[in-house]
Amino acid sequence: MTSLDTVLDKDGVRLTVDDAVATVTLTNPAKRNAQSPALWRALTEAGRALPGTVRVVVLRGEGKSFSAGLDRQAFTPEGFDGEPSFLDMARGPEAELDATIAEYQEAFTWWRRNDLVSIATVQGHAIGAGFQLALACDLRIAAEDVQFAMRETSLGLVPDLTGTHPLVNLVGYARALEICATGRFVHAEEAERTGLANLVVPADQLDAAARDLAGALVAAPRDAVVETKALLAGALSRDYEQQRVAERAAQGRRLRDLAGITD
């Protein structure tokens, strides 16, 4: 891939690749990067289109807001052009509704692949689906003006785009419940203090901070980063002794690889 090769540009999503670093940009600042099924399909396509050389993916939103969440047009009787409205989907068979939601979730799942490290750079509003998209990434750099909020309950809904698992893992059950049930804003200081944000910087330094972090990540040997990410992610479901075994197995693979020993 050549520098800044545009791989995809459709439905409010642009994917560019610069060697080992890819950038996915939400490109509808006039609507504060509000989300729709077409955007979710484009995000899924972006994940599938990543070249094998990519090690780090940076997610960003153009304009003053990262993403203000689901486009409210989804709840109107007419919905989006060429799409069933959410109201019509609710009236259909339960199995079809479940399959449709599962399809939407695919836009939020690939960011945690073991062979990638994903970084969300978040400014302004990250509400509902926008918050969940930021949570889909491994790491988050937030601007000082960031406003995270999970507003689904105010609409009589629940967060269903894979955000609940990382939210609980990051801030704990009690705080996650309070954030989701009240729909309140989480600002930069709290986000950094509770682990929602790895780093907080002025808004005009977001891109530079992401470049610095991406550079540090690709400086390490790829296989070691892949193994380490898998080891840490698995720690959430293993007990202490199981994690010890996993560490030994991972280190054994790395040592054999460094020694040129193949199984």
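This passage describes the fold, helix packing, loop residues, salt bridges and one surface patch of a predicted model.

The protein chain contains 10 helices and 10 strands. Its radius of gyration is 19 Å. A compact globule of 263 residues would have a value near 18 Å, so the two agree. The C-alpha trace spans about 65 × 45 × 40 Å along its principal axes. Of the 263 residues, 44% are buried. Contacts were also sorted by distance along the sequence. Among those with a separation of 6 or more, 67% join residues 24 or more positions apart. The exposed area of the chain is about 13200 Å². Carbon and sulfur atoms supply 54% of that area.

Two helices were examined for length and burial. Helix α1 covers residues 37–49, a run of 13 residues. The distance from its first C-alpha to its last is 18 Å, close to the 18 Å expected at 1.5 Å a residue. Its buried residues are P37, L39, W40, A42, L43, T44, A46 and G47. Their cover comes from both strands and helices. It includes strands β1 (5–10), β2 (13–18) and β3 (21–26). It also includes helices α2 (86–91), α3 (94–109) and α4 (129–136).

Helix α3 has 16 residues. Its end C-alpha atoms lie 22 Å apart, and this agrees with the expected span because 16 residues at 1.5 Å a residue should give 22 Å. Within α3, the buried residues are T100, Y104, A107 and F108. An α-helix has 3.6 residues a turn, so residues three or four places apart point the same way. The cover over the buried residues of α3 includes α1, α2 and α4. Helix α3 in turn is among the elements that cover the buried residues of α1.

Two aspartates in the N-terminal loops have unusual backbone angles for their residue type. D11 has a positive phi of about 50° although it is not a glycine. D11 sits in the loop between β1 and β2. Its relative accessibility is 47%, so D11 counts as partly exposed. D19 likewise has a positive phi, of about 60°, and is not a glycine. D19 belongs to the loop between β2 and β3. At 53% relative accessibility, over the 50% cut-off, D19 counts as exposed.

M150 is a loop residue with no accessible surface to speak of: its relative accessible area is 0%, and it is buried. The loop in question runs between β8 (147–149) and α5 (164–171). Beyond its neighbours within four places in sequence, M150 contacts G128, F131, Q132, L135, P159, L167, I179, C180 and G183. The C-alpha atoms of M150 and G124 are separated by 14 Å, with their positions 26 residues apart along the chain.

The whole structure holds 17 salt bridges. Side chains of opposite charge can pair when their charged atoms come close. In one of these bridges, E45 pairs with K10, with the closest N and O atoms 3.1 Å apart. E45 lies in helix α1 and K10 in strand β1, so the pair ties together parts that are 35 residues apart in sequence. Both partners are partly exposed, E45 at 34% and K10 at 35%.

A second salt bridge joins D71 to K31, and here the closest N and O atoms are 2.6 Å apart. D71 is in the loop between β4 (56–61) and α2, and K31 is in the loop between β3 and α1, so the bridge ties together parts 40 residues apart in sequence. D71 is buried, with a relative accessible area of 13%. K31 is partly exposed, at 39%.

A third salt bridge links R175 and E190, whose closest N and O atoms are 3.0 Å apart. R175 lies in helix α6 and E190 in helix α7 (residues 188–194), so the pair ties together parts that are 15 residues apart in sequence. R175 is partly exposed, at 29%. E190 counts as buried, at 12%. These two residues also belong to a network of salt bridges, formed by R175, E178, R184 and E190.

Helix α6 also contributes to the surface. V168, Y173 and L177 make a nonpolar patch of about 300 Å². L177 is found in α6, which covers residues 173–182. L177 is partly exposed, with a relative accessible area of 44%.

Definitions and conventions:
Residues are numbered from 1 along each chain as its sequence is written. This is a predicted model: local features need pLDDT of at least 70, side-chain atom pairs count only at pLDDT 80 or more; totals for chains, interfaces and linings use all residues. Side-chain values use heavy atoms; hydrogens and water are left out. Patches are made of residues with over 30% relative accessible area and no salt bridge: like charges are joined within 9 Å, nonpolar side chains (Val, Leu, Ile, Met, Phe, Trp, Tyr) within 5 Å. Accessible areas come from the Shrake-Rupley method with a 1.4 Å probe; for residues, only the protein chains shown count as cover. A salt bridge is a side-chain nitrogen of Lys or Arg within 4 Å of a carboxyl oxygen of Asp or Glu. Helices (H or I, at least four residues) and strands (E, at least two) are DSSP runs, numbered from the N terminus. Buried means under 20% relative accessible area, exposed over 50%, partly exposed in between (1.4 Å probe, protein chains only). The expected span of a helix is 1.5 Å times one less than its number of residues. Contact means heavy atoms within 4.5 Å. The radius of gyration is taken over C-alpha atoms; the globule rule is 2.2 Å times the number of residues to the power 0.38.
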